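Ready for a walk through a protein model? Have a look at the picture first, and then we'll go through it piece by piece.

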Amino acid sequence: MTVPTEPIEPISNTVESETPGVIQVRDLVTHYGDRMILKGIDFDVRQGEIMIIMGGSGSGKSTLMRHLLALEQPTSGSIEILGEDITTLDTVGRANLFKKLGVAFQSGALFSSLSVGENIMLPLAEHTKLDPETMRIMARIKLEIVDLAGFEDLRPSELSGGMIKRAAMARAIIMDPRILFLDEPSAGLDPVVASALDDLILKLRDAMGMSIVVVTHELDSAFKIADRITVLDQGHILSVGTVDEIKNSDNERIQNILHRRTEQEIVDPEEYLRRLTGGEFVEETVAP
Ligand SMILES: Nc1ncnc2c1ncn2[C@@H]1O[C@H](COP(=O)(O)OP(=O)(O)OP(=O)(O)O)[C@@H](O)[C@H]1O
Ligand SMILES: [Mg+2]
């Protein structure tokens with residue numbers, strides 16, 4: 001989705017469109033011990049958008065996500081999810097919130113002692129009083145959506161890496177969440193499998209109208225699926241913008257992040273050799 005380009009400076013982190021917001025974070029500060037990790041973050045997600053959170057390792061991406069899920073208490077600041085301040089929720093309020101959110105964590109492994117189907121039904125068992133047969137049917141529908149129909153009786157150890165990610169996604173959407181959170185969904189996958197996962201994320205947004213927050217290091221994936229990208233840097237928000245705005249940003253730190261990643265991710269062998277040899281080797285060998 002392309003929205004009209006606005007100047008990227010001064011940085012605007014707040015929702016200014018007519019689309020309702022599903023997440024609204026203001027001046028979020030958080031510490032681990034004495035260390036300040038998030039240093040005053042403003043962050044918005046609109047209904048039905050895919051928001052990517054990018055940033056170097058340790059920049060605070062997972063920490064931000066855990067706060068959005070009310071799994072950690074901030075030092076200060078406000079976090080509104082679906083119109084509700086989640087920093088003051090009691091146990092019941094938190095349980096109700098969890099019914100509306102789906103999440104697949106960075107380390108989001110499935111339980112190895114359970115079958116794929118049992119793994120996917122876990123949130124239903126936890127949050128609903130549905131009978132087992134209904135749960136099984138619902139799990140089958142979600143497995144169908146992630147292209148894993150018929151795999152419910154296998155153990156996670158019998159699945160490939162990409163299939164495990166898909167199963168984790170099926171579990172995350174089993175309750176038809178309003179907002180889906182995915183932390184590094186395609187990390188460690190080969191490019192073809194990762195790209196298929198991107199298609200699945202787009203499908204969930206388009207077909208089910210979910211708002212989706214994705215933490216990722218993968219530039220190709222971010223550029224393919226993002227409506228907007230938030231760039232985190234050492235606990236600060238460096239910029240928020242569309243793919244084009246981020247790509248064309250004249251902010252040097254953003255360009256460093258983008259440049260470093262593309263340097264590492266060259267896959268075309270000729271291009272790789274050209275860069276390795278400063279151009280000479282490839283020039284010589286391919287010259288007519
Ligand atoms: N439970 C914790 N206790 C103490 N420090 C933590 C904890 N979790 C994260 N940190 C620190 O907070 C900072 C931000 O971590 P976070 O996991 O949010 O980074 P990230 O951007 O998700 O990194 P990555 O890309 O490596 O996943 C890091 O310096 C990390 O060491
Ligand atoms: Mg992380």
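Let's start at the ligand. A polar atom in the side chain of Ser 57 sits 2.5 Å from an oxygen atom of ligand 1. Before going on, keep in mind that this is a predicted model, so treat every distance here as something computed from it.

Ser 57 has company. There are 14 residues around ligand 1, and the ones that come nearest are Arg 35, Ser 57, Gly 58, Lys 61 and Thr 63. Take Arg 35: an N or O atom in its side chain is 2.7 Å from an oxygen atom of the ligand. His 217 joins in as well, with a side-chain N or O atom 3.4 Å from a ligand 1 oxygen. Does that last one still count as a polar contact, or is it out of range? The cut-off is 3.5 Å, so the 3.4 Å of His 217 is in range.

Now let's move to the largest pocket. How much space lies in it? About 430 Å³. It's lined by 16 residues, and closest to the pocket's centre are Val 103, Phe 105, Pro 123, Glu 126 and His 127. Three elements each give two or more residues to this lining: strand S6 (101-104), helix H3 (116-127) and helix H5 (161-172). Which of them gives the most? That's H3, with four residues. As for the character of the lining, 12 of its residues are nonpolar, while two are polar and two are charged.

Next, the rings. If you go hunting for aromatic pairs, you'll come back with zero. There is something to see at Phe 223, though: Lys 247 lies over the face of its ring, 4.7 Å from the ring centre.

Last stop: the backbone. Most residues other than glycine have a negative phi. With that in mind, look at Leu 82, which isn't glycine but has a positive phi, near 50 degrees. Where does Leu 82 sit? You'll find it in the loop between strand S4 (76-81) and strand S5 (84-85). Gln 234 tells a similar story, with a positive phi near 50 degrees in a residue other than glycine. Its place is in the loop that runs between strand S9 (228-233) and strand S10 (236-241). Try finding both of those loops in the structure.

Key
Residues numbered from 1 in each chain as written. Chains lettered and ligands numbered in written order. Predicted model: local features only at pLDDT ≥ 70, side-chain atom pairs only at ≥ 80, totals over all residues. Heavy atoms only, no water. Phe/Tyr/Trp six-rings, centres within 6.5 Å; stacked < 30°, edge-to-face > 60°. Lys NZ or Arg CZ within 6 Å of the ring centre and 35° of its normal. 1 Å grid on protein atoms, 1.4 Å probe; cavity = no way out; pocket = protein on both sides within 12 Å on 5 of 7 lines; lining within 4 Å. Points joined across faces, edges and corners; volume = space filled by probe spheres on them. Nonpolar A, V, L, I, M, F, W, Y, C, P; charged D, E, K, R; others polar. Near = heavy atom within 4 Å. Polar contact = N/O pair within 3.5 Å; in protein donor to acceptor, adjacent residues only side chain to side chain.
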